[in-house]
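The following exercises concern the chain shown below. Each task is followed by a solution worked in steps.

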Amino acid sequence: MATVGALVALAGCGGGGLDGPAPQARLGPDGMPLPQVYRIEEADAAEVKVRLLDGVNALRQGAGLGFVTYSRALDTAAASHSRDMARQNRPWHFGSDGSSPLDRARRVGYPGLILGEAISETYETELETLAAWMQQPDTRAVILDPRARELGFAWHQEPAGKLWWTLVLGSTAIPAPAPSPIPAAVTTE
């Protein structure tokens, strides 16, 4: 839990220093800070991915687990799902074509076992989203799965700023199960 707190603290860092004091947050009628739109520019994409991977690996290290590395195939599967969730306007694990995380990984040629997927619809940063995933038992179990070796991570940002995040973990050390055969048509006479 201390690591999750550290992630949230890091996510809120910024401002101050040589440029002068950090800007004051605008407050709403309830006295709470108004939400800020977190915009990811193309030039920042690589840095966002590094922060997320570092955050996941810090959490895994804190739990005594091995590190994960990025998989280009899982990144591609995650990116297609983030775009698809935005088109559907709902965060869920099934694609508009009925695809599952395993189906999407197979489509892009990932040969390993998919261990799980974490998704989110939010305006929060990647580290705030990771911290939120760690608060949920199901997504925490995916992130801390001891079998995980590879990670895919992507997002789609709408013009108004909403982010659709997808994180997929897998392992090529464990082969994917063979696809189920399509049942033969049943005929009745």
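**Exercise 1.** Why is α5 described as largely enclosed by the rest of the structure?

*Solution.* The model is a predicted one. A residue counts as buried when its relative accessible area is under 20%. By this criterion, seven of the ten residues of α5 are buried, so the helix is largely enclosed by the rest of the structure. The buried residues of α5 are Glu126, Leu127, Thr129, Leu130, Ala131, Trp133 and Met134.

**Exercise 2.** Place α5 within the overall order of helices and strands in the chain.

*Solution.* Begin with the inventory: six helices and four strands are present. Next, follow the sequence, along which these elements are arranged as α-α-β-α-α-β-α-α-β-β. Residues 126-135 form α5, while β2 covers 112-122 and α6 covers 137-143.

**Exercise 3.** Identify the elements that build the largest nonpolar core, and state which of them gives the most.

*Solution.* In soluble globular proteins, nonpolar side chains tend to be buried together. Here the largest nonpolar core contains 28 residues. Leu130, Ile143, Phe153, Trp165 and Leu167 have the most contacts inside this core. At least two core residues come from each of α2 (45-62), β2, α5, α6, β3 (150-157) and β4 (163-175). The greatest contribution is that of α2, with six residues. A second, separate core has nine residues, among them Ala73, Leu74, Ala79 and Ala154.

**Exercise 4.** Which residues does Ile143 contact, leaving aside its neighbours within four places in sequence?

*Solution.* A contact requires heavy atoms within 4.5 Å. With the sequence neighbours set aside, the partners of Ile143 are Val56, Arg60, Leu130, Trp133, Met134, Leu167 and Leu169. Of these partners, Leu130, Trp133 and Met134 are among the buried residues of α5.

**Exercise 5.** Describe how β3 pairs with β1 and with β4.

*Solution.* Consider β1 first. This strand, residues 69-70, runs parallel to β3 and is joined to β3 by two bridges; Thr69 has Glu150 as its bridge partner. Turn then to β4, which pairs with β3 in the antiparallel sense over eight bridges. In this pairing Phe153 stands opposite Leu167, and both residues are listed among those with the most contacts in the largest core. Five residues lie between the two strands of this hairpin, and Gly161 in the turn has a positive phi of about 110°. Finally, β3 is mostly covered, with seven of its eight residues buried.

**Exercise 6.** What percentage of the chain is buried?

*Solution.* The chain has 189 residues, and buried residues make up 41% of them.

Note on methods. Residues numbered from 1 in each chain as written. Predicted model: local features only at pLDDT ≥ 70, side-chain atom pairs only at ≥ 80, totals over all residues. Heavy atoms only, no water. Core = buried A, V, L, I, M, F, W, Y, C linked by side-chain atoms within 4.5 Å. Buried < 20%, exposed > 50% of the residue type's maximum accessible area, 1.4 Å probe, protein only. Pairing = 2+ DSSP bridges.
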